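Reader: I should be grateful for a close look at a single part of this structure, with attention to its side-chain pairings and its setting in the rest of the chain. Please give the geometric values and the degree of exposure wherever they are available.

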Amino acid sequence: MNAFEAIKQRISVRSYSEKPVETELRKELENYYLNLESGPFGASVRFEMLDLQPLDNNELRRLGTYGMIKGSNLYILGAVQ
């Protein structure tokens, strides 16, 4: 699938289940993004998984976007060179 096809098929989900992501699925996701060598236009990419579950409320308040997304404690962050 090329980037334009991916954009056309994209959906936006704004509410999330509070059910934790299973360990096996987390490992599968991590294995997938750690093996990506480049993005859709050939730029190098990197990803990290951020789990907010172990953080306390004081730590969460310091995150600029926390509170805008409800019901999720697990995020995949991406950076493109």
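Author: The side chains of lysine 19 and glutamate 22 meet in a salt bridge, with nitrogen and oxygen 3.4 Å apart. This value, like those that follow, comes from a predicted model. Lysine 19 counts as exposed, at 56% relative accessibility, whereas glutamate 22 is partly exposed, with a relative accessible area of 46%. Side chains of opposite charge can pair when their charged atoms come close. The count of such bridges comes to two.

The other bridge leads to the part chosen here, helix α2. Arginine 26 pairs with aspartate 51, and the closest N and O atoms are 3.1 Å apart. Because arginine 26 lies in helix α2 and aspartate 51 in strand β1, the pair ties together parts that are 25 residues apart in sequence. Both partners count as partly exposed: arginine 26 has a relative accessibility of 26%, and aspartate 51 has one of 25%.

The helix itself comprises residues 23-34. At 1.5 Å a residue, its twelve residues should span 16 Å, and the end C-alpha atoms are indeed 16 Å apart, so expectation and model agree. Of these twelve residues, the number buried is one, and therefore α2 lies largely in the open.

Tyrosine 33, which is in helix α2, is buried, because its relative accessible area of 7% falls under the 20% limit. The count of aromatic pairs in the model comes to one. In that pair, tyrosine 33 meets phenylalanine 47 in a tilted arrangement, with 5.9 Å from centre to centre and 50° between the planes. The arrangement is called tilted because the angle between the planes is neither under 30 degrees nor over 60. Phenylalanine 47 is in strand β1 (residues 45-51), 14 residues apart from tyrosine 33, and the pair thus links distant parts of the chain. At 25% relative accessibility, phenylalanine 47 counts as partly exposed.

Strand β1 also holds glutamate 48. Leaving aside neighbours within four places in sequence, glutamate 48 is in contact with Tyr33, Tyr75, Ile76 and Leu77. Glutamate 48 and alanine 79 are 31 residues apart in sequence, and their C-alpha atoms are 9.0 Å apart in space.

Ile76 appears again in a nonpolar patch on the surface, together with Val21, Leu25 and Leu29. The four residues share about 280 Å² of accessible area. Leucine 29 has its place in helix α2 and is partly exposed, with a relative accessible area of 34%. An α-helix has 3.6 residues a turn, so residues three or four places apart point the same way.

The chain as a whole provides the setting. There are three helices and two strands, and from the N terminus on they run α-α-β-α-β. Buried residues make up 10% of the 81 residues. The chain exposes about 7300 Å², of which carbon and sulfur atoms supply 52%. Among contacts with a separation of 6 or more, residues 24 or more positions apart account for 58%.

In summary, helix α2 lies largely in the open, yet tyrosine 33 is buried. Helix α2 is linked to strand β1 through the aromatic pair and through the salt bridge of arginine 26 with aspartate 51.

Definitions and conventions:
Residues numbered from 1 in each chain as written. Predicted model: local features only at pLDDT ≥ 70, side-chain atom pairs only at ≥ 80, totals over all residues. Heavy atoms only, no water. Helix = DSSP H or I, 4+ residues; strand = E, 2+ residues; numbered from the N terminus. Expected span 1.5 Å × (residues − 1). Buried < 20%, exposed > 50% of the residue type's maximum accessible area, 1.4 Å probe, protein only. Contact = heavy atoms within 4.5 Å. Areas by Shrake-Rupley, 256 points an atom, 1.4 Å probe, with all protein chains shown as cover. Patch = residues over 30% accessible without salt bridge, like charges linked within 9 Å, V, L, I, M, F, W, Y side chains within 5 Å. Phe/Tyr/Trp six-rings, centres within 6.5 Å; stacked < 30°, edge-to-face > 60°.
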